Amino acid sequence: MRPPIASLVVLLLVVAALTVIGLDGIQSEPIPQAVLNGEQQIAADTALSVRTAIDVESSTVRRTAAAYPATSTSTPATALKALTSARKAVLGSALLDPHTGRLLAAGGKPVPLAGVDVPGTASGHGAIPPRLVTSGGTRQLLYFARVTLPAQQEDANQDQNQVPGRPDRQWLLVVSETLPVLTTYGDGRGAAVLDANGTALATTASGMASPAAADSGLPAAASRAARESGRDTDASGSLLGAATGSRRTVVGWAQVASTTGPGDTNNLGLVVLTSRAVPTTTAAADYSRFALEAAGALAGLALLLGLALHFLVQRPLLRLYLSAGRLARGATEDGPAAWGELSRPVPVHGFGELTRIGRALESLRRQLLGESGPEEFPARRGPGYRALAVACVLVVACWAVPMIFLLNRADTATAVPAPVLANQQARTESAANRIRQSLDQSYTDLSNVAAGLPGRSRAAQTEVLRRTLADHKQYRSLYLLDRSGGIALRVGDTPLRTLVHVPDGGGITKVNTSGRIPAIAAYSQVRAVKGKAPAAGVVLFGEIDVKALNSILPRPKLGSVWVTDGDNKVLAASVGYRAFQSLPDSGLTRLARATQGAPGTAGTATSAVLRSSSGPSVDAAAPLAQSGPTARLGWHVVTTEPAAALQIPAVQAEQRTVLAGILGLALGAACLGWLHVVVIRPLRAVAVLIERLAGGDRRTVLHPVNHDEVGSVTRGLELMRQALAERDRAARSGHAAGLSRSLRETTLQR
């Protein structure tokens, strides 16, 4: 009996202490932590874009070199022209002898090779990572690839079977390019790429921002922090700059490094720095007084409930336990002591079940003394201890329910600072840009493949498609359509397309509108070339694996991300979804529609704070592309992040207040439920049994179920039942009167 009551008091006091600890630690700062975290994540997103651009360029240079159809008679000049003529981003290029470093051919601007150990760079069998070099005061990236040529024959007229095999010759291709172009989102934000010393290599700004808005010492501090974190990690962080009036500069930094181990960018030592001036918060948020008041109220309720249960349940039950033991001893023992135990009336304490048990015990006492016979008890009863337990739960609920539903509720319109909302929108635009770049790259790669198909045999075209499928993991299937829309040539998985059409031009499109898997495809026309055999089809399709798109979407602290089509049906997502389902919330659908601009335009990004059953969330939507092959699709990127995950003081206070209310209600109900199971329910059963016993039922054996006070009362009742049953048998045999006179005479002699 004591543990449930003590646990109720102790646990409610613990919840009161946790309420003070949780709410007292929430303090508003001039720059909320959510703003700093948001700028850090924006820097990490920008660094990811830079890293992806460098990785794509490196793989493209290597793939181009590997696919070059070199012969034993190829010259360095013709090879270099073929390798770089289609690449507009190339500043300069060179072919070198990998053993001596001798220049074999050059094109464009001179390639800055000073300080590059060509033989050491070309040695080994793995991919050569790019390098950062200086040329004319500007920093450039050098990309490397090996060009393999077959060995030359010493004598063309000699039987080739008699010529010993020679190793293939190799050239080293070096391409110089500028750093990838930085793209920033959010009015007033600047970005820069820094080297290991904190020197800005490339800068950009959005709106009225200046890349130099941050303190002059912040770039060096960011580079130093990146060096201390290690060069093989994608470390990131945030810094605070100088204050200008009511605004202060917030800086985010992130390393341009691979997240999955060694990569092309790990040795470059590049750091992305983003900065933005944000308004400081002047409104103070102090929840310490509320915490003390709420904790004090709960502590008072805990003590009140403890005292009430002690005086209404614990003490009356202990007295009843003692009375039942006394009567059991009197019923089983002989002599004056037994008569003395039975001669004292049973005090009736409490109410409900305890009152019923006390009255029935008193009736049994008189029956044991022979003063009365069995007594019937009224079936109509008043409120019992079950009602007391329910009342105690309601008392706890009077404290918990306002905590859960009313107090410290975050205002949807003002709880989330404007910079946090702007950061979510900027990150959504950045996510849309990543997806656009991926789809654009898929289209570009497919166009290059389509341009090389005419003039090849069917077997050679099949081999080209197979090699493309192996080199480009984003494709799940490649196929050529004839003029009727039928598949003339296919490699890879079975196409998912259900829309049979032969489109003009090239771009990105959906090729199904139903099914378990959305099918997105890049397509390009296969042009007939004069003098060359036509290809097997007229349009090359490459169905993009939706898993490749899904893998691009997740980013830390961005929340759930969806890619939707023009009808706001989901095509890809960072969370589980059904193909072509609607967005999970109607507010998100309205937000996506709000991005749509005038007919013929791509639209603009937008953001809002929406209220859901789990609290406010920071949501944003952006058109997938402003230009390029995906611009006319009308697709959108929609994101939502619970405000509770963004360390916003008002939302944290609401969350912890709700948590305190839930804990208080749950623990209070659990302890009172425990009391009901171990005390109240057994008492109700004992009350029924003792009333039957007092009413003359001597046949029902009373088995104690619990080893506690109620169990002891049950054992005493069983002893009294046996004594009464024995007395009844004696009365039927004529000895009951003698036994009664003997007891009275013994009492008179005393």
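Here are some worked exercises on the predicted model shown above.

**Exercise 1. Which element of the protein has the lowest mean pLDDT, and which the highest?**

Step 1: Start with the whole protein. Its mean pLDDT is 86, and 92% of the residues reach 70 or more.

Step 2: Now go element by element. Helix α16 (residues 736–749) has the lowest mean pLDDT, at 46, while β16 has the highest, at 96.

Step 3: Look for weak stretches. Over residues 153–166 the pLDDT is below 50, and beyond near neighbours in sequence this stretch has five contacts in the model. The pLDDT is also below 50 over residues 736–741, a stretch with two such contacts.

Step 4: Decide how to read these parts. Where pLDDT is low, don't read the predicted coordinates in detail.

**Exercise 2. Work out the strand order of the open sheet that contains β1, and find which strands stand at its edges.**

Step 1: Write down the order. Five strands line up as β2-β1-β5-β4-β3, with antiparallel pairing.

Step 2: Check the ends. β2 (103–108) and β3 (131–135) each have a single partner strand, so one side of each is left without a neighbour in the sheet.

Step 3: Add the twist, which averages 25° from one strand to the next.

Step 4: Zoom in on one pair. β3 and β4 (residues 138–149) are antiparallel and share five bridges. Here serine 135 stands opposite threonine 138 in β4.

Step 5: See what packs on the sheet. Helix α2 (residues 33–67) touches β4 and β5 (169–177), and its direction makes about 30° with that of β4.

**Exercise 3. Do the same for the open sheet that contains β11: what is the order of its strands?**

Step 1: Again there are five strands, this time in the order β12-β11-β15-β14-β13, and the pairing is antiparallel.

Step 2: The edge strands are β12 and β13 (507–510), each pairing on one side only.

Step 3: On average, neighbouring strands of this sheet are turned by 25° against each other, direction ignored.

Step 4: Take the β13 end. Four bridges join β13 to the antiparallel strand β14 (residues 520–525). Isoleucine 508 has alanine 522 in β14 as its bridge partner.

Step 5: Find the helices. α10 packs on the sheet and touches β11, β13, β14 and β15 (539–544), with its direction at about 35° to that of β14. Helix α11 (residues 458–471) lies across β11, β12 and β15, running at about 40° to β12.

Step 6: Finish at the other end. β11 (residues 475–481) and β12 (residues 487–492) run antiparallel and are joined by five bridges. Leucine 480 has leucine 489 in β12 as its bridge partner. The two strands form a hairpin with five residues between them, and glycine 485 in the turn has a positive phi of about 95°.

**Exercise 4. Why can strand β9 be called largely enclosed?**

Step 1: Count buried residues, taking under 20% relative accessible area as the cut-off. Seven of the nine residues of β9 (residues 247–255) are buried, so the rest of the structure largely encloses this strand.

Step 2: Look at its partners. Seven bridges join β9 to the antiparallel strand β8 (residues 236–244), and nine join it to β10 (residues 271–279), also antiparallel.

Step 3: Pick out bridge partners. Threonine 244 goes with arginine 247 in β9, and glutamine 255 goes with valine 271 in β10.

Step 4: Check the turn. The hairpin of β8 and β9 has two residues between the strands, and glycine 245 takes a positive phi near 65°.

**Exercise 5. Does the end-to-end distance of α9 agree or disagree with its expected span?**

Step 1: At 1.5 Å a residue, the 21 residues of α9 should span 30 Å. The end C-alpha atoms are 29 Å apart, which agrees.

Step 2: Look for a bend. There is a kink of about 35° in α9, centred on alanine 397.

Step 3: Find the buried residues, which include Leu388, Cys392, Val396 and Trp399. The buried residues of α9 pack against α1 (2–24), α6 (288–332), α8 (353–369) and α14 (649–694).

**Exercise 6. Where do asparagine 408 and lysine 557 lie?**

Step 1: Recall that most residues other than glycine have a negative phi. Yet phi is positive for asparagine 408, near 55°, and for lysine 557, near 60°.

Step 2: Place them. Asparagine 408 is in the loop between α9 (385–405) and α10 (418–451), and lysine 557 is in the loop between α12 (546–552) and β16 (560–564).

Step 3: Check exposure. Lysine 557 has 42% relative accessibility, so it counts as partly exposed.

How values were computed
Residues are numbered from 1 along each chain as its sequence is written. This is a predicted model: local features need pLDDT of at least 70, side-chain atom pairs count only at pLDDT 80 or more; totals for chains, interfaces and linings use all residues. Side-chain values use heavy atoms; hydrogens and water are left out. Buried means under 20% relative accessible area, exposed over 50%, partly exposed in between (1.4 Å probe, protein chains only). Two strands pair if DSSP finds at least two bridges between them. Axes are lines fitted to C-alpha atoms, for helices over the stretch in contact, and angles run from 0 to 180 degrees between N-to-C directions. Contact means heavy atoms within 4.5 Å. pLDDT is the predictor's confidence in each residue, from 0 to 100. The expected span of a helix is 1.5 Å times one less than its number of residues. The bend at a residue is the angle between axes fitted to the seven residues ending there and the seven starting there.
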